[in-house]
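This report walks through a molecular model with the sequence and the 3D view at hand. It begins with one small turn between strands and then widens to sheets, chains and helices.

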Amino acid sequence: MPSRADSGEATATWALGDREWSSRLIVGTGGFRSLEQMERSLEASGAEIVTVALRRVDPLAQGSITDVIDRLGLFTLPNTAGCYTARDAVKTARLAREAFGTDWVKLEVIGDDRTLLPDAAELLVAAETLVGDGFTVLPYTNDDPILARRLEEAGCAAVMPLGSPIGSGAGIRNPYNIRIIVEQASIPVILDAGIGTASDASMAMELGCDAVLLASAVSRAADPELMAGAMRSAVVAGYAARRAGRIPKRTHALPSTPDEGLPDL
Amino acid sequence: MLNGEERELADGATVADAVVLAGAPDVERGIAVAVEGEVVPRAEWEDRVLADGEAIEVVHAVQGG
């Protein structure tokens, strides 16, 4: 018999946009060394949603990421990676809608290329514009509870605060802020960026996030396929632990074995 | 300008011609075009005639987080 943590109880579906999803792990397709490795890793991750980027057509490119995604039956979530202004992000989202026939977008508006941190002011403007345009907007945002609230008020379908900078693998630097964002949000919270290893993904779920989005932690691992499976288990474990209700942290010990009936030897 | 490079197209060439010239491996799906920064829907590719000097971007999906 499977444990309750592995079975339906811990993997109850969740709503994002107008759809129900089983997997709480969203995987970015960037950074894999080959399409074959990406395909094996995506399969091992159990993810249902994967992100892609839009770039100029390269006549010399080998293989098609679209073919891989179709073969695995995954949902394509285009991003606006590389955009530094609301204007560019909005135009990129419109191109993505045309290319993929989806009005979902992972909205990224970056402040500079050293930190890849979101530009809050541009992000909010882009989010408002795209929501008005009918998009399902999933913004990559700072771990700022006030900005998260503003994005929710703007009509975003989720907020996706970072744990730490993109590709840094530094984990969740400010769990307090993530907890506040979760507490106040009435839309899904997806921890996006900064995950380095399985315990980071578990921590995101234990903090109450609805899902985790990661790319480099898997694609740049020494063994991406193995790490993809680890992340899948980590998200399930963290979500189960959250629902199970952890014990409070104490300064001193609390015996789990009773003192009564101790023999006098 | 096609994807940042100066290219020659015949007089009366359309967006559809530019997409072929850009060398997309699969023109049937997963591609979008912007002319002068504005999206041209696929249904209009055959009819949208390009003017001299217009900037055309032909994009498709690549790996990305």
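In strand E2 of chain B, the residue B:Val39 is the bridge partner of B:Ala34. This pair belongs to the pairing of strand E1 (residues 31-35) of chain B with strand E2 (residues 38-39) of chain B, which run antiparallel and are joined by two bridges. E1(B) and E2(B) form a hairpin with two residues between the strands, and in that hairpin B:Glu36 takes a positive phi near 50°. The model described here is a predicted one, and for chain B the average pLDDT is 89, with 100% of the residues scoring at least 70.

**From chain B to chain A**

E1(B) is also joined to strand E3(B) by five bridges, and these two strands run antiparallel. One position in this pairing is easy to find in the view, since B:Ile31 stands opposite B:His60 in E3(B).

Which residue of E3(B) does A:Arg55 stand opposite? The residue is B:His60, which B:Ile31 also stands opposite. The strands concerned are E4(A) and E3 (residues 56-63) of chain B, which pair in the antiparallel sense over five bridges. As a general point, strands of a sheet pair through backbone hydrogen bonds, either parallel or antiparallel.

The strand pairing can be set beside the contact between the chains, in which 28 residues of chain A touch 24 residues of chain B. On the side of chain A that touches chain B, at least two residues each come from strand E4 (49-56), helix H2 (65-72) and helix H3 (86-100) of chain A. Sorted by class, that side of chain A has 15 nonpolar, eight polar and five charged residues. For the complex, the predictor gives an ipTM of 0.92 and a pTM of 0.91.

**A parallel sheet in chain A**

Chain A also holds an open sheet of three strands, in the order E6-E7-E8, with parallel pairing. Strand E6 (104-107) and strand E8 (160-161) of chain A stand at its edges and have a single partner strand each, so one side of each is left without a neighbour in the sheet. E6(A) runs parallel to strand E7 (residues 136-141) of chain A, and four bridges join the two. Within this pairing, A:Leu107 has A:Pro139 in E7(A) as its bridge partner.

**Helices packed in chain A**

Three helix pairs of chain A can be read together in the table.

| Helix pair | Crossing angle | Axis distance |
|---|---|---|
| H1(A) and H2(A) | about 25° | 11 Å |
| H7(A) and H9(A) | roughly 30° | within 7 Å |
| H1(A) and H9(A) | about 20° | 7 Å |

How do H1(A) and H2(A) lie to each other, roughly parallel or roughly antiparallel? With an angle of about 25° between them, H1(A) and H2(A) are roughly parallel, because angles under 35 degrees count as such. H1(A) passes H2(A) in a right-handed crossing. Their contact is made by A:Leu35, A:Met38, A:Glu39, A:Leu42 and A:Glu43 of H1(A), together with A:Ile65, A:Val68 and A:Leu72 of H2(A). By class, this contact has six nonpolar residues, no polar ones and two charged ones.

H1 (residues 35-45) of chain A also packs against H9(A), at an angle of about 20°, which makes H1(A) roughly parallel to H9(A). The crossing of H1(A) and H9(A) is right-handed. From H1(A) the contact draws on A:Gln37, A:Arg40, A:Ser41, A:Ala44 and A:Ser45, while H9(A) contributes A:Pro224, A:Glu225, A:Ala228, A:Gly229, A:Met231 and A:Arg232. The classes in the contact of H1(A) with H9(A) are four nonpolar, four polar and three charged residues.

The remaining pair in the table joins helix H7 (residues 198-206) of chain A to helix H9 (residues 224-244) of chain A, whose axes cross at roughly 30°, so that H7(A) is roughly parallel to H9(A). The crossing of H7(A) and H9(A) is right-handed. Among the residues that meet here are A:Ala198, A:Ala201 and A:Met205 in H7(A) and A:Ala230, A:Met231 and A:Tyr239 in H9(A). This contact divides into 12 nonpolar, two polar and two charged residues. A:Met231 of H9(A) is thus one of the residues in the contact with H7(A), and A:Met231 is also one of those in the contact with H1(A).

Key. Residues numbered from 1 in each chain as written. Chains lettered and ligands numbered in written order. Predicted model: local features only at pLDDT ≥ 70, side-chain atom pairs only at ≥ 80, totals over all residues. Contact = placed C-beta atoms within 7 Å. Nonpolar A, V, L, I, M, F, W, Y, C, P; charged D, E, K, R; others polar. Pairing = 2+ DSSP bridges. pLDDT = per-residue confidence, 0-100. Axes fitted to C-alpha atoms, helices over the stretch in contact; angles between N-to-C directions. Parallel < 35°, antiparallel > 145°, perpendicular 65-115°, else oblique. Left-handed = near helix turned anticlockwise from the far one by under 90°.
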